[in-house]
Amino acid sequence: MNTVIVLSLVVAAFLVAWSAWHGYRRTRSATDYIVAGRSMPWWVVAGSLLAASTSGASFFGMVGDYNRTGFYTHWVILGIAASWLVICFMVGPRLRRFGGFTIPEYLAKRFDSPLLRPVFALITVAWMIVLMATVVVQGGLIFYGLWGWPYELSVSLMLIVISLYTITGGQTSVMYTDFVQLIIFVAATIVLVPITINVAGGFGHVAETVEVMQPGFFTPTGGVMTVVSAMSLFFIWFLGYLGHPGLLTRFYTVKKDRDLYKAGIALTLFYLPFLGSMSLVGASLRTMYPDAEDTEILWLQFAVDYAPAVIVGLLVASLAAAVLSTADTWLLTAASSVTHDVVRYVRKSEVTDSQLTRWTRWSVAILALASLPIALNRPDYIIEMMTLAYTVAGASGGIVIVTSLYWRRMTKSAAWAGLIFGASTAVLGRIMVAFMNLPEWFDPILPTLVVTALIVVVVSLRTHGNDKSDAVFDTLTRRAQA
Amino acid sequence: MGVQDVLADAWLQVALAGSILVLAVIVGSVMLRRSKDEDKP
């Protein structure tokens, strides 16, 4: 068994190394390094977005969530699928026409507010580092769980691999390796989902058993949650993705609007059936391991117990791939923001192309190192931090970014007000949920979203924009550049 | 409990998923057609 698993990991590592080398050969300038020369084909963009959004958490954690809360977890993937529509058809084309490097850069220019750039960049960096540490923890657990390697060694090894190929080939490497990693975990899913359902006794048996164990398992609340929390889940993920700098930066890498539309169709059609199939896995595992405590590693446990060694190898390689493809995206996004938005703002003087590339490479190494202590400590509240990050992103960045792309009248004051109110109220809301005994029907995220949107509208109507800000908006709407 | 029973239980989510998929195809196709026209000299 061990030999086959090692062999699978070696094959996966070879494919990743080949993609990194391919990226390195194509990298000649800062534009190549940070936004892949703005020439990525649509299928790589679609694949890398899907891979970046499918971390170990969603690949294995989602199986665990379906296992516990039934179809309630569908609201996560429905929220994300809806956001793909908006991102690829509405947000992406306009960001592409802006043609920058980072999201803080866009916000600062759109609102003619230079300070917005380092401020939003620092928020982005903090968020990406936390997200990356969370993902790397899952990667470290692979080797720790399989072979009992010291956890610290496993995590460090994971970070070294991610840093090496991100430093080497930048965005091109990240996107091509994401695509290769996507193929690995799609292959694992296609093979393992039918095997899991069959071993559990077939669909009919699984459905009847889990419905007896947890009545309402297949309803939108999963029989255990409330309608309000289901709606909140949908909106957290829908808006959280709309304000996600790591994903939005991908749109700077595309040459034409057409490529984004193709990517949007492919991504949405593929995403729902692919992630939706995890619900069948979660239900099947519920019948087989009814008393399991750690539901997140159940699928791996199942594979070890029932599947041939080669399938276990494929699953382990796919988990590693899912971890790498997500962590590299967060790492490069954070590093680009540090150099392009913070260092440039502080230095004020002109920065050459080669300096920018070199500094971004250094930032990748330093930020990877910075995330190591978080990953090593494995704090219990890390999942809560992730939820908080997406809530803040949705309530502040998501609303502000989408509105700024489609409403010329939106002003600098409205952007600041939306970001500050959305972020602070979202944090306050999560604190209330954690420490106060709120009624079940109340979730603070929904009123936060509505009030933030209202604040953006009211402040925009009560204040005045300027010509620079309007000029940037006009460049976004010029379809002739498409 | 068969596939139909499960789909009946999750009708709201099935309807939403179906709408998202149909929208992706229709909106995407319209956008593609419009951008093709713009590419013509």
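**Chat on A:T360, the A–B interface and a loop**

Colleague: Is A:T360 buried or exposed?

Modeller: Buried. A:T360 has a relative accessibility of 0%, and the cut-off for buried is under 20%. Keep in mind that this is a predicted model.

Colleague: Which element holds A:T360?

Modeller: Helix α15 of chain A, which covers residues 353–377.

Colleague: And what does the side chain of A:T360 reach?

Modeller: The backbone oxygen of A:L356, at 2.6 Å.

Colleague: Leaving aside neighbours within four places in sequence, which residues is A:T360 in contact with?

Modeller: A:Y33 and A:I34, plus A:A335, A:S336 and A:T339.

Colleague: How far apart are A:T360 and A:G204 in space?

Modeller: C-alpha to C-alpha, 53 Å. In sequence, 156 residues separate A:T360 and A:G204.

Colleague: Switching to the interface. How much area do chain B and chain A bury between them?

Modeller: About 2,400 Å², with 74% of it on carbon and sulfur atoms. Three residues, B:M1, B:Q13 and B:I20, supply 28% of what chain B buries against chain A. No other three residues supply more.

Colleague: How many residues does each chain bring to the contact?

Modeller: Chain A brings 27 residues and chain B brings 25 residues.

Colleague: What about salt bridges between chain B and chain A, how many?

Modeller: Zero. Polar contact is found for three residue pairs across the interface, both residues at pLDDT 80 or more.

Colleague: Which elements of chain B give two or more residues to the side that touches chain A?

Modeller: α1 (3–9) and α2 (11–39) of chain B. α2(B) gives the most, with 19 residues.

Colleague: What is on that side of chain B by class?

Modeller: The side of chain B that touches chain A has 15 nonpolar residues, with five polar and five charged.

Colleague: New topic, backbone angles. What is phi of A:A36?

Modeller: Near 50°. That is a positive value, and A:A36 is not a glycine.

Colleague: Where does A:A36 sit?

Modeller: In chain A, in the loop between α2 (30–35) and α3 (42–53). A:A36 is buried, at 3% relative accessible area.

Colleague: And phi of A:R38, what is that?

Modeller: Near 50°, again positive in a residue other than glycine. A:R38 is also placed between α2 and α3 of chain A, in the loop.

Colleague: Why is A:R38 called partly exposed?

Modeller: Because its relative accessibility is 22%, and partly exposed runs between the 20% and 50% cut-offs.

Terms used: Residues numbered from 1 in each chain as written. Chains lettered and ligands numbered in written order. Predicted model: local features only at pLDDT ≥ 70, side-chain atom pairs only at ≥ 80, totals over all residues. Heavy atoms only, no water. Helix = DSSP H or I, 4+ residues; strand = E, 2+ residues; numbered from the N terminus. Buried < 20%, exposed > 50% of the residue type's maximum accessible area, 1.4 Å probe, protein only. Contact = heavy atoms within 4.5 Å. Buried area = accessible area lost by both parts, 1.4 Å probe. Salt bridge = Lys/Arg side-chain N within 4 Å of Asp/Glu carboxyl O. Polar contact = N/O pair within 3.5 Å; in protein donor to acceptor, adjacent residues only side chain to side chain. Nonpolar A, V, L, I, M, F, W, Y, C, P; charged D, E, K, R; others polar.
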